[in-house]
Amino acid sequence: MAKDLKNILINRIHDKQLLDYAERYLSENLIDIGCGTKPYKDMLSPFVEEHVGVDHEETFHDKSNVDLFGTAYEIPSDDGHFDSAICTAVLEHLEEPEQALRECHRVLKPGGNAIYSVPFIWHLHEEPRDFYRYTKYGLKYLFEKAGFEVLQITPLSGFWVTFGQLFVYNIYRFHQGPLRYIPLIPALGLVIQGISYLLDRIDKSEPWTWMYMVVARKP
Ligand SMILES: C[S@@+](CC[C@H](N)C(=O)[O-])C[C@H]1O[C@@H](n2cnc3c(N)ncnc32)[C@H](O)[C@@H]1O
């Protein structure tokens with residue numbers, strides 16, 4: 001419970017943007033690349049008919065929602081099979097991002113859309129499979145090189161939310177051992193997230209975003 005409270009703000013920001021883009025860009029059969037626990041299954045169900053999750057065998061996550069075992073480089077699917085794709089918080093874990101984007105392009109139908117969320121300022125996670133961080137310019141370059149038309153690249157936060165969230169993650173390092181029974185750090189974490197949210201509304205300095213959401217179309 002306390003663990004979920006630690007990133008409630010960024011999860012809400014991410015999911016709100018994903019919902020907005022899902023409504024506008026996703027349809028019919030969807031491939032979820034690097035799906036993990038497939039956390040967006042229910043949220044996206046009004047927009048798609050089928051939600052197929054692909055992940056690799058060595059994933060750290062619970063595999064019960066994985067429909068296809070494969071990699072982002074080799075999706076077990078025919079060319080042009082899917083109408084839509086999502087790939088959330090995965091591109092930074094792929095050593096060959098361009099190859100993975102080409103593979104997504106291959107399995108999409110012409111006119112199909114893909115939504116990616118990709119971190120720009122974030123700490124190391126899922127080590128050692130954590131390879132890159134991306135600027136909006138790097139993303140545009142990579143998606144276009146892989147054959148996509150880029151429709152949107154949206155920064156999800158400014159400095160305050162990014163800084164506040166990293167601060168909260170840092171203080172949670174002390175929320176262990178006997179200290180984990182004291183709700184001081186979760187309470188402080190919630191206050192910091194609230195203040196960060198308000199400050200970001202007043203002053204959203206996008207060069208400090210923690211994450212971008214990209215919408216790209218296969219022409
Ligand atoms: C941070 S998790 C994100 C999971 C999920 N997309 C989400 O938003 O909760 C990164 C995911 O990428 C997957 N992944 C890492 N390398 C991969 C690869 N080469 N091919 C497919 N999936 C990969 C991991 O197994 C993990 O499920």
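**Exercise 1. The loop residue E28**

Is E28 buried, partly exposed or exposed, going by the number of other C-beta atoms within 10 Å? Work on the predicted model shown above, and then describe the backbone at E28.

Solution.
Step 1. A residue is buried with 20 or more other C-beta atoms within 10 Å, and exposed with 12 or fewer.
Step 2. E28 has 13 such atoms, so E28 is partly exposed.
Step 3. For its place in the chain, look at the loop between helix 2 and strand 1 (29-33), where E28 lies.
Step 4. The phi angle of E28 is near 45 degrees, a positive value in a residue other than glycine. Most residues other than glycine have a negative phi.

**Exercise 2. Backbone features in another loop**

Find what E126 and P128 show in the loop between strand 5 and helix 5.

Solution.
Step 1. E126 is in this loop, and its phi is near 50 degrees, positive although the residue is not glycine.
Step 2. With 14 other C-beta atoms within 10 Å, E126 is partly exposed.
Step 3. P128 also belongs to the loop between strand 5 and helix 5 (136-145). The peptide bond from E127 to P128 is cis, with omega near 5 degrees.
Step 4. For background, most peptide bonds are trans.

**Exercise 3. The overall fold**

How many helices and strands does the protein have, and in what pattern do they follow along the sequence? Then judge how compact the protein is.

Solution.
Step 1. The count gives seven helices and seven strands.
Step 2. Along the sequence the order is α-α-β-α-β-β-β-α-β-α-β-α-α-β.
Step 3. The radius of gyration is 18 Å, and the globule rule gives 17 Å for 219 residues; the two values are close, so the protein is as compact as a globular protein of that length.
Step 4. Along the principal axes, the C-alpha atoms fill a box of roughly 55 × 35 × 35 Å.
Step 5. Of the 219 residues, 38% count as buried.
Step 6. Take the contacts between residues at least 6 apart in sequence: 74% of them join residues at least 24 apart.

**Exercise 4. Two domains**

Which residues make up each domain, and how many residues does each domain bring to the contact?

Solution.
Step 1. Domain 1 covers 9-157 + 208-217, and domain 2 covers 160-201.
Step 2. Their C-alpha centres are 27 Å apart.
Step 3. Nine residues from domain 1 and nine residues from domain 2 form the contact.
Step 4. On the domain 1 side, six of the touching residues are nonpolar, three are polar and none is charged.

**Exercise 5. Q193 and V168**

Explain why Q193 and V168 count as buried, and list what each touches beyond its sequence neighbours.

Solution.
Step 1. Q193 sits in helix 7 (residues 184-202), while V168 sits in helix 6.
Step 2. Q193 has 22 C-beta neighbours inside 10 Å, so Q193 counts as buried.
Step 3. V168 is buried because 24 other C-beta atoms lie within 10 Å.
Step 4. Leaving out residues up to four places away in sequence, Q193 touches I8, L9, G164 and V168. On the same terms, V168 touches K6, G189, I192 and Q193.
Step 5. Now set sequence separation beside distance. V168 and V191 are 23 residues apart in sequence and 9.7 Å apart in space, C-alpha to C-alpha. Q193 and Y141 are 52 residues apart in sequence and 33 Å apart in space, again C-alpha to C-alpha.

**Exercise 6. Two helices and their cover**

Which residues are buried in helix 2 and in helix 4, and what covers them?

Solution.
Step 1. Helix 2 (residues 8-25) has 18 residues and spans 25 Å from its first C-alpha to its last, close to the expected 26 Å.
Step 2. Its buried residues include L9, I10, H14, L18, Y21 and A22.
Step 3. An α-helix has 3.6 residues a turn, so residues three or four places apart point the same way.
Step 4. The cover over the buried residues of helix 2 includes helix 3 (41-44), strand 5 (108-119), helix 6 (159-171), helix 7 and strand 7 (211-217).
Step 5. In helix 4 (residues 97-107), P97, A100, L101, E103, C104, H105 and V107 are buried. Their cover includes strand 1, strand 4 (82-88), strand 5 and helix 5.

**Exercise 7. Around the ligand**

Which residues come nearest to the ligand, and how does its shell divide by residue type?

Solution.
Step 1. Of the 17 residues around the ligand, the nearest are G34, G36, T59, A72 and T88.
Step 2. The shell consists of six nonpolar, eight polar and three charged residues.

How values were computed:
Residues are numbered from 1 along each chain as its sequence is written. This is a predicted model: local features need pLDDT of at least 70, side-chain atom pairs count only at pLDDT 80 or more; totals for chains, interfaces and linings use all residues. A residue is near a molecule or strand if its C-beta atom, placed from the backbone, lies within 6 Å of it. Ala, Val, Leu, Ile, Met, Phe, Trp, Tyr, Cys and Pro count as nonpolar, Asp, Glu, Lys and Arg as charged, and the others, Gly among them, as polar. Helices (H or I, at least four residues) and strands (E, at least two) are DSSP runs, numbered from the N terminus. The radius of gyration is taken over C-alpha atoms; the globule rule is 2.2 Å times the number of residues to the power 0.38. Two residues are in contact if their C-beta atoms, placed from the backbone, lie within 7 Å. Domain bounds come from an automatic or database domain assignment. The expected span of a helix is 1.5 Å times one less than its number of residues.
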